[in-house]
Amino acid sequence: MAKSKWFGGFLGLLSGGPLGALAGFVLGALFDVVNEDGAQLTDKIYSQNGGGSYSNSARSTEEGTRNGFLFSLLTLASYIIKADGKIMHSEMEAMRQFLRTNFGEISVVQGEQVMLRLFDRQKQMDAEQPGAYRQTIYECCAQLRRVLTEPQRLQLLSLLAMLAKADGNVATEEINALREVSIQLGLSEAELNSMLNLGSTTLKDAYAVLEISESATDDEVRQAFKHMVIKHHPDRVASLGEDVKAAAEKKMREINEAKELIYKARGM
């Protein structure tokens, strides 16, 4: 196993169901490749239906949860990126930069390979039956609602919104796809708007980040911020790995910046 491996094939609780089926198609053909320094990226795919067993010492629950989360991120991203019916060079470059920034250089090799394989699968499924991949995405989201906690699903949505914004141009089709995904994940449109407005420096967007209106009272602003801290605290996604927790910490800083912008405008 490569010491620098970012992602493995063992998906833990997500090994079955629609995500497990996609993983069997996507990952089985990819993990014979090596990265640029020659490190092997091979990792067997195991499902609930057999194929071997892992001891507790060989594969921890946390590793399975982490891998399942990362594969889910790439799966949902493949749907959002291709929402306008095409894959632009700029979008792929933005995806590479997103992976590099949030997960390190090793993630770029594996992440891109998985994404390209997912695009192929989407093309095949929709050629056989139009809308089939979209239905599979909905089923994947239903599976994630059962298995991931709300903070984990919120972090997933946050990363998807970050990826959609990575090329500086969020198309209407991407917004609609993000909205579909957030609904299917059991998250609200206000939560999606909050994630899409992170990092903005306008006062209007700061209110959207805290999921409140500009007419909110000072007490409502304070309560909204406290609620956001509880909901998005990085410790609530710590089991997904240090890089995912680091992304959550960045998100928390941006929530705090939105709060400070509102406080300054109100003289609080």
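Here is a short tour of this predicted model, stop by stop, for you to follow in your viewer.

**The whole chain**

Start with a cartoon view of everything. You will see 11 helices and zero strands, so there is no need to go looking for a sheet, given that strands would appear as DSSP runs. Now switch to a surface. The chain exposes about 12400 Å², and carbon and sulfur atoms supply 49% of that area. If you colour by burial, 50% of the 268 residues come out as buried. For those who like contact maps: take the contacts between residues at least 6 apart in sequence, and 73% of them join residues at least 24 apart.

**The aromatic cluster**

Next, select Trp6, Phe98 and Phe103, which together form one aromatic cluster. A search of the whole structure finds two aromatic pairs. One of them is Phe98 with Phe103, in an edge-to-face arrangement with 6.3 Å between the centres and 75° between the planes. Why does that angle earn the edge-to-face label? Because planes over 60 degrees apart are classed that way, and this pair is at 75°. Try hiding the surface here, as both Phe98 and Phe103 are buried.

**Two charges over rings**

Now pick Arg121 and Phe25. The charged end of Arg121 sits over the Phe25 ring, 4.5 Å from the ring centre. Then move on to Lys259 and Phe225, where the lysine lies over the face of the phenylalanine ring at 4.8 Å from its centre.

**Helix α11**

Select residues 242-266 to highlight helix α11. How far does this helix of 25 residues reach from its first C-alpha to its last? The span is 36 Å, close to the 36 Å expected at 1.5 Å a residue. Step just past the end of α11 and check the backbone of Gly267, which takes a positive phi of about 70°.

**The cysteines**

For the last stop, show the cysteine sulfurs. How many disulfides are there? The count comes to zero. Look at Cys140: the nearest cysteine sulfur belongs to Cys141 and is 7.0 Å away, and Cys140 is in no disulfide. Cys141 is likewise in no disulfide, with the sulfur of Cys140 as its nearest at 7.0 Å. The pair does not qualify because a disulfide needs sulfur atoms within 2.5 Å. Are these two residues buried or exposed? Cys140 is buried, with a relative accessible area of 0%, and Cys141 also counts as buried at 0%.

Key:
Residues numbered from 1 in each chain as written. Predicted model: local features only at pLDDT ≥ 70, side-chain atom pairs only at ≥ 80, totals over all residues. Heavy atoms only, no water. Phe/Tyr/Trp six-rings, centres within 6.5 Å; stacked < 30°, edge-to-face > 60°. Buried < 20%, exposed > 50% of the residue type's maximum accessible area, 1.4 Å probe, protein only. Lys NZ or Arg CZ within 6 Å of the ring centre and 35° of its normal. Helix = DSSP H or I, 4+ residues; strand = E, 2+ residues; numbered from the N terminus. Expected span 1.5 Å × (residues − 1). Contact = heavy atoms within 4.5 Å. Areas by Shrake-Rupley, 256 points an atom, 1.4 Å probe, with all protein chains shown as cover.
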